[in-house]
Amino acid sequence: MAVAAAAKVIGSKPSECFQFQDPDTWICNTELESDVVVEVGEISFHLHKSQLISRSGTLQKLINESTGDEDDGKQCTVQLDGIPGGPEAFRLAAMFCYDVKMELNAGNVVQLRCAAEHLAMTEEYGEGNLVEQAEAFLSQVLGTWNDAVRALHACDAVIPDAEDLLIVPRCIDSLASKACADPTLFGWPMLEYYTAKSLEETAVWDGVSAAAGKPRSLGADWWYKQAASFRLPVYKRLIAAVQSKGMSPENVAGSLMHYARRHLSGLKRHGDRHSDGSSRGGASGTTTVLSDGDQRTLLEEVVAMLPAEKGVTPARFLLGLLRTATVLHASAACRDALERRAGNQLEEAALEDLLIPNTGYSAETLYDVDSAQRMVEQFMMTSTSAFAASPEITDEGHLLDAPSAELMPVSTVAKLVDGYLAEVGTDTNLKLSKFQTIAALVPDYARAIEDGLYRAIDIYLKAHPWLTDSEREQLCRLMNCQKLSLEACTHAAQNERLPLRVVVQVLFFEQLRLRTTVAGWFFVADNADQGSSSDNCVLPRRTGDDDLEDFAAGSEETMNEDGLASARHGELSPPAMSVEEVRQRVSELDEVRSSMRQEIRKLEKPKSALCRVLAKLGLGLGGRSSSRERRQQQQTMPLPGASDKRRRSFGC
């Protein structure tokens with residue numbers, strides 16, 4: 001169970017002896033008339049010399065000096081300036097001199113201890129004086145978390161004296177020790193973690209206490225909220241103390257994140273999903289709204305205190321700090337540190353986190369693409385250095401042999417970069433060279449499929465219709481047409497924004513892919529029918545299609561020359577297929593091939609020039625064709641990829 005707040009009542013006389021009288025006057029009702037007036041600021045205290053002199057060395061000195069200047073029998077006046085805690089602290093000290101009842105608690109003991117030191121209320125002027133009483137109670141206060149938090153907050157009003165008396169470092173050390181310890185082993189966890197119902201409905205049976213509701217277990221973040229209520233200088237010292245006591249970097253980073261979310265309005269304005277409730281007051285009850293200058297200072301200090309270990313601070317939070325630092329115009333060193341740290345773990349980021357607005361006075365683009373480029377460069381520099389010495393990873397042909405866990409971060413960032421380029425590509429002010437630079441940062445092996453890059457290029461071409469043919473071709477060189485999916489190839493074949501050379505290249509590689517697939521099926525069928533030499537020899541000719549025979553022969557030749565058979569890469573051969581299944585699949589591919597030829601005819605500008613180019617690539621539009629092929633061409637419908645649905649999927 002949590003320990004109740006510490007409190008102690010000292011004195012024996014009733015508190016009604018001290019009364020407040022207008023205007024701004026305190027009097028002590030005794031049988032004797034007051035003979036000294038102590039002025040503390042705007043408040044006057046009408047008291048008695050004998051009571052004050054017997055307890056305070058400072059007042060004894062001031063009263064003696066004042067009495068020497070006055071005639072005998074007249075009331076003397078003492079001006080008491082600079083007392084810690086002001087009139088309220090002096091009132092409590094005066095009540096102690098008169099042995100009037102008063103309560104010591106975590107909220108007033110610090111000021112009273114400082115005031116007692118200032119008034120020299122030591123053992124020299126009476127046994128059990130106020131310095132000793134306050135010091136003993138302060139040690140009790142520092143034994144519990146909540147009271148130590150209150151005491152540290154109270155130090156703000158008397159900070160110079162509290163520092164001189166080592167009260168501040170003692171409070172910080174006490175809190176740091178409790179934050180680093182296991183909270184289940186002590187009785188000082190915060191009361192807010194225990195419901196009032198569980199404390200009130202506690203039953204005792206046979207000497208065993210059974211609570212109706214069990215207290216909620218404490219997590220590692222139980223101390224974050226109250227720690228975030230301290231001023232930045234005090235909080236920095238608390239973080240340094242918990243680090244020196246061996247707190248884990250994850251716990252330190254969690255506290256810093258909570259502190260930043262509470263005090264930096266920029267993080268809350270951008271919808272940080274972890275900021276729920278963090279803007280509410282902790283022990284102090286309220287949160288002061290800081291100016292832009294104070295927020296900038298706080299942000300720079302938080303960044304400097306973040307643990308250096310990679311992965312301790314989430315990339316989402318680092319990018320949120322970077323966005324806020326850009327808005328607040330933080331120092332270049334602070335932003336560089338955030339870019340470097342976020343870049344090292346960029347695979348954790350989401351696209352929305354990477355879209356940092358450009359707030360520069362001479363900004364041309366909507367988003368800060370230079371910052372994004374530096375983060376991608378940082379990630380590639382740190383993440384791909386381990387891959388550079390591995391030929392099985394850098395060699396595209398052996399990409400599948402690499403462990404997926406090692407390539408996953410790079411592949412994730414490749415998708416992130418493609419999405420980022422598609423988002424910023426709509427900005428008409430984004431230069432072609434900048435787009436190319438960012439896209440080229442991703443190594444070729446990181447993209448298993450380049451549909452995302454194709455979509456980004458298409459969006460950029462649509463937003464920049466004034467690009468020359470040379471610039472369009474230069475931009476499209478970023479894309480590997482061999483890695484486009486069938487849907488992307490279909491879209492690219494009908495994309496008027498792409499250069500004709502790129503369209504032909506897409507069609508060529510798609511034709512090559514079909515040939516390779518058919519040749520692979522024939523290879524599998526031959527292996528399955530090795531027991532029957534007749535089927536093994538005449539299988540390609542059973543289709544009755546002259547063009548299909550040429551197509552299959554060319555496919556086998558391509559397979560032998562280019563080494564595209566899967567068995568050469570050590571892959572497992574697919575399960576054997578029957579002759580009828582092979583015939584059916586070849587027939588389907590033949591229909592697709594005929595449909596592609598029809599689409600190519602629509603693109604010939606002029607017809608003769610395009611025919612010569614396609615003839616060299618083995619995609620001739622004219623020439624001989626079988627009667628079966630001509631019938632299929634007449635009955636073939638337009639390619640499914642021409643639909644508006646697939647166009648929209650690629651940003652058209």
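The paragraphs below lead through a predicted model, from the chain as a whole to its core, its ring pairs, its salt bridges and a few single residues.

The secondary structure of this chain comes to 32 helices and nine strands. Of its 652 residues, 46% count as buried, and the accessible surface amounts to about 32,600 Å², with carbon and sulfur atoms contributing 50% of that area. The contacts also say something about how the chain is put together: when those between residues at least 6 apart in sequence are considered, 71% of them join residues that are at least 24 apart. Several of the pairs described further on are examples of links between distant parts of the chain, among them the salt bridge of D156 with R231 and that of K245 with D173.

The interior is a natural place to begin. In soluble globular proteins, nonpolar side chains tend to be buried together. In this model the largest nonpolar core holds 157 residues, and the members that touch the most other members are L47, F90, V110, W223 and L321. Helix α21, which spans residues 404-424, gives the most to this core, with 10 residues. The surroundings of F90 can be followed in detail: once residues up to four places away in sequence are set aside, F90 touches V38, V40, F45, L47, L59, L80, I83 and L119. One of these partners, L47, is itself among the core members that touch the most others.

Aromatic rings provide a second view of how separate parts of the chain meet, and a search of the whole structure finds five aromatic pairs. One of them is formed by W145 and W222, whose rings lie edge-to-face, with 4.8 Å from centre to centre and 65° between the planes. Because W145 belongs to helix α6 while W222 sits in the loop between β9 (208-211) and α10, this pair ties together parts that are 77 residues apart in sequence. Both W145 and W222 are buried. The rings of Y235 and Y259 are arranged in another way: their centres are 4.0 Å apart and their planes stand at 10°, so this pair is stacked. Here the link runs between two helices, with Y235 in α11 and Y259 in α12, 24 residues apart. Both Y235 and Y259 are buried.

Charged side chains make further connections, and the whole structure contains 16 salt bridges. In one of them D156 pairs with R231, the closest N and O atoms being 3.1 Å apart. This pair links distant parts of the chain, since D156 lies in the loop between α6 (145-154) and α7 whereas R231 lies in the loop between α10 (224-227) and α11 (232-244), 75 residues apart. D156 has a relative accessibility of 32% and therefore counts as partly exposed, and R231, at 37%, likewise counts as partly exposed.

A second salt bridge brings together the side chains of K245 and D173, at 3.1 Å from N to O. Its partners are 72 residues apart, K245 being in the loop between α11 and α12 (249-263) and D173 in helix α8. K245 is partly exposed at 37% relative accessibility, and D173 is also partly exposed, at 40%.

The salt bridge between D418 and R447, at 2.9 Å from N to O, has a setting of its own. D418 lies in helix α21 and R447 in the loop between α22 (432-440) and α23 (451-463), 29 residues away, and both D418 and R447 are buried. Elsewhere, salt bridges that share partners join R113, E117, E135 and R170 into one network.

Some single residues complete the picture. S66 lies in helix α2, which covers residues 57-69, and its relative accessible area of 11% is under the 20% limit, so S66 counts as buried. Apart from its neighbours within four places in sequence, S66 is in contact with C76, T77 and V78. Two loop residues stand out by their backbone geometry. D99, in the loop between α3 (86-97) and β7 (102-105), has a positive phi of about 60° although it is not a glycine, and at 36% relative accessibility D99 is partly exposed. L166, in the loop between α7 (159-164) and α8 (167-180), also has a positive phi of about 60° without being a glycine.

Note on methods
Residues numbered from 1 in each chain as written. Predicted model: local features only at pLDDT ≥ 70, side-chain atom pairs only at ≥ 80, totals over all residues. Heavy atoms only, no water. Helix = DSSP H or I, 4+ residues; strand = E, 2+ residues; numbered from the N terminus. Buried < 20%, exposed > 50% of the residue type's maximum accessible area, 1.4 Å probe, protein only. Contact = heavy atoms within 4.5 Å. Core = buried A, V, L, I, M, F, W, Y, C linked by side-chain atoms within 4.5 Å. Salt bridge = Lys/Arg side-chain N within 4 Å of Asp/Glu carboxyl O. Areas by Shrake-Rupley, 256 points an atom, 1.4 Å probe, with all protein chains shown as cover. Phe/Tyr/Trp six-rings, centres within 6.5 Å; stacked < 30°, edge-to-face > 60°.
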